[in-house]
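Visitor: I would like to look closely at one part of this model, namely the empty space that lies between its helices. Please take me through it slowly, with the cut-offs behind each term.

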Amino acid sequence: MSKAKDFHFKPYNVGRWIVWGFFALILLVAPRIWTSGLAQTMLTQMGIGVIACLAYNILLGQGGMLSFGHAVYSGMGAFLAIHALNMAGAGTLGLPVSLIPLVGGFAGLVCAALLGYVSTKKAGTPFAMITLGIGELVFALALMLPEFSGGEGGVSSNRVIGKPVMGITFGPQIQVYYLVAVYCFICTAAMFALTRTPLGRMLNAVRDNPERVEFVGYDTHWVRFMAFTISGFFAGIAGGLGAINTEIVNGEVLHASRSGAYLLFTFLGGATFFFGPIIGAVLMVIALVLLSELTSAWLLYLGLVFLFMVMYAPGGFASLILMNLRVAAFGKLGRIWTSYLALGGAALAALVGAAAMIEMLYHRQLNEALGPELRFMGATLNSSGVDAWFGAGWLMVVGIGLFEVARRHYAHQWGAIQEDIEKEIKRRESL
């Protein structure tokens, strides 16, 4: 008799199922919690931004490729999607609105395949300069072809076409949001799955040690090129969703500022972690929509945040979250929470003082005709008075001083906690 074979199945990763279920739940209930028109518009933009930043992170975080022209692929996806939407509305293209983003995805894929072969022949700084040049070239070319780009006015469309399906017309913003949410979940899952494939692992190897990858027989150019085309596909989907959401596309979707936003907020979120760009996309919409409405100096504040993140947390917000989750897992977060309160309070004081000085300076430069007084955080400041400048400067200096004292104490506590954690790990390994 033949011996029966034993089959062993890999156990389910329960934690991963919980995380993905929680992500789906957030996408489902978010517009039910924030019900205003502005909130639902922002949630829609966040979903689009998540896809775009994750697509960009295939290059930056997974492959170590710094691109300054990734808006080319999301922008071309947006243009092809808006043209496809107009054709569908005219009856010359038999596609429902829900599939129009795939047109943008394939447009991004084709553009990435055509332009990426040349771009990915180089790595490092040459790659970054090539992408910058291609981005400027495509942006200038689009303005020279008004039949395609619509000139300065752009190309407009109407997403409400055909007969409603199950009452869905994509006219209300909530319906557009759920379309974006479905694409966001599927694209996020697909890009996460990519990181677990041999191509994703090899892309990490090309990022870390390209010489060794070539030594074992892999072509680093083709690995980078394949990742580039996949990234272009998902960026095109984001562009197509953006075209449906705004119903207008102009040359700004190809501008270098759009590529810079992808780079900046992907880095702020945490390029070395998969969920970092998701955080970055949320911050991007908050900064571009809310912060820009609150103050004219929003770019200055954004630059200061970026500067401090580079100095104190180069891994982005994702690294801060994971570092503290590790401390909490060993039950030592209670030893350091008072230091966080001290750091937060000192930083807030310094920020309020600096912000008051910045707002007074901007008021004097841009709104001097309205008089010297301005409203700031519920208080009235006289930008021509010495007392307002002295008070703001004093608050900023004191806040910076207290922050430095709290930072040194925090660094000492953090080092002691890390030593205790390492000792605990060694103790567990010895059991």
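What is the volume of the largest pocket, in Å³?

Guide: The largest pocket has a volume of about 1,700 Å³. Please keep in mind that this is a predicted model, in which local features need a pLDDT of at least 70 and side-chain atom pairs count only at pLDDT 80 or more, while totals for chains, interfaces and linings use all residues. Residues are numbered from 1 along each chain as its sequence is written, and side-chain values use heavy atoms, with hydrogens and water left out.

On a 1 Å grid over the protein atoms alone, a pocket is an open set of points with protein on both sides within 12 Å along at least five of seven lines, whereas a cavity is a set where a 1.4 Å probe fits but cannot get out; lining residues have an atom within 4 Å of a point. Points are joined across faces, edges and corners, and a volume is the space filled by probe spheres set on them.

The lining of the largest pocket is made up of 40 residues, and those closest to the centre are Leu304, Val305, Phe308, Ala347 and Phe403. Six helices (DSSP runs of H or I, at least four residues, numbered from the N terminus) each supply at least two residues of this lining: H11 (256-269), H12 (276-294), H13 (298-312), H14, H15 (337-366) and H16. Among these contributors, H15 provides the largest share, with 10 residues. In chemical terms the wall of this pocket divides into 33 nonpolar, four polar and three charged residues, where Ala, Val, Leu, Ile, Met, Phe, Trp, Tyr, Cys and Pro count as nonpolar, Asp, Glu, Lys and Arg as charged, and the others, Gly among them, as polar.

Two of the helices in that lining, H14 and H16, are also connected by a charged pair. The residues concerned are Glu422 and Arg326, which form a salt bridge (a side-chain nitrogen of Lys or Arg within 4 Å of a carboxyl oxygen of Asp or Glu) in which the closest N and O atoms are 3.1 Å apart. This pair links distant parts of the chain, since Glu422 belongs to H16 (residues 386-430) and Arg326 to H14 (residues 316-329), with their positions 96 residues apart in numbering. Glu422, at 38% relative accessibility, counts as partly exposed, a class that lies between buried (under 20% relative accessible area) and exposed (over 50%), computed with a 1.4 Å probe on protein chains only. Arg326, at 30%, counts as partly exposed as well.

The structure holds eight salt bridges, and H16 carries further ones within its own length. Arg427 pairs with Glu424, with the closest N and O atoms 2.7 Å apart; because these two residues are three residues apart in H16, about one helical turn separates them. Arg427 is partly exposed, with a relative accessible area of 42%. Glu424 also forms a salt bridge with Arg428, where the closest N and O atoms lie 3.0 Å apart, and here too the separation is about one helical turn, because the two residues are four residues apart in H16. Arg428, at 46% relative accessibility, counts as partly exposed.

If we return to the empty space, the second largest pocket has a volume of about 980 Å³. It is lined by 32 residues, of which Phe23, Ile26, Phe275, Ile278 and Ile279 are the closest to its centre. The elements that give two or more residues to this lining are H1 (14-33), H2 (37-62), H7 (173-195), H12 and H14, and H1 gives the largest share, 11 residues. H12 and H14 thus appear here after having appeared in the lining of the largest pocket. By class, the wall of the second largest pocket has 28 nonpolar, two polar and two charged residues.

Finally, there is the enclosed space. The structure holds three cavities of 30 Å³ or more, and the largest of these contains about 50 Å³ of space. Its lining consists of Leu54, Asn57, Ile58, Gln62, Met191, Thr195 and Phe274. H2 and H7 are the elements that give two or more residues to this lining, with H2 giving the most, four residues. The class counts around the largest cavity are four nonpolar, three polar and no charged residues. H2 and H7, which contribute to this cavity, are also listed for the lining of the second largest pocket.
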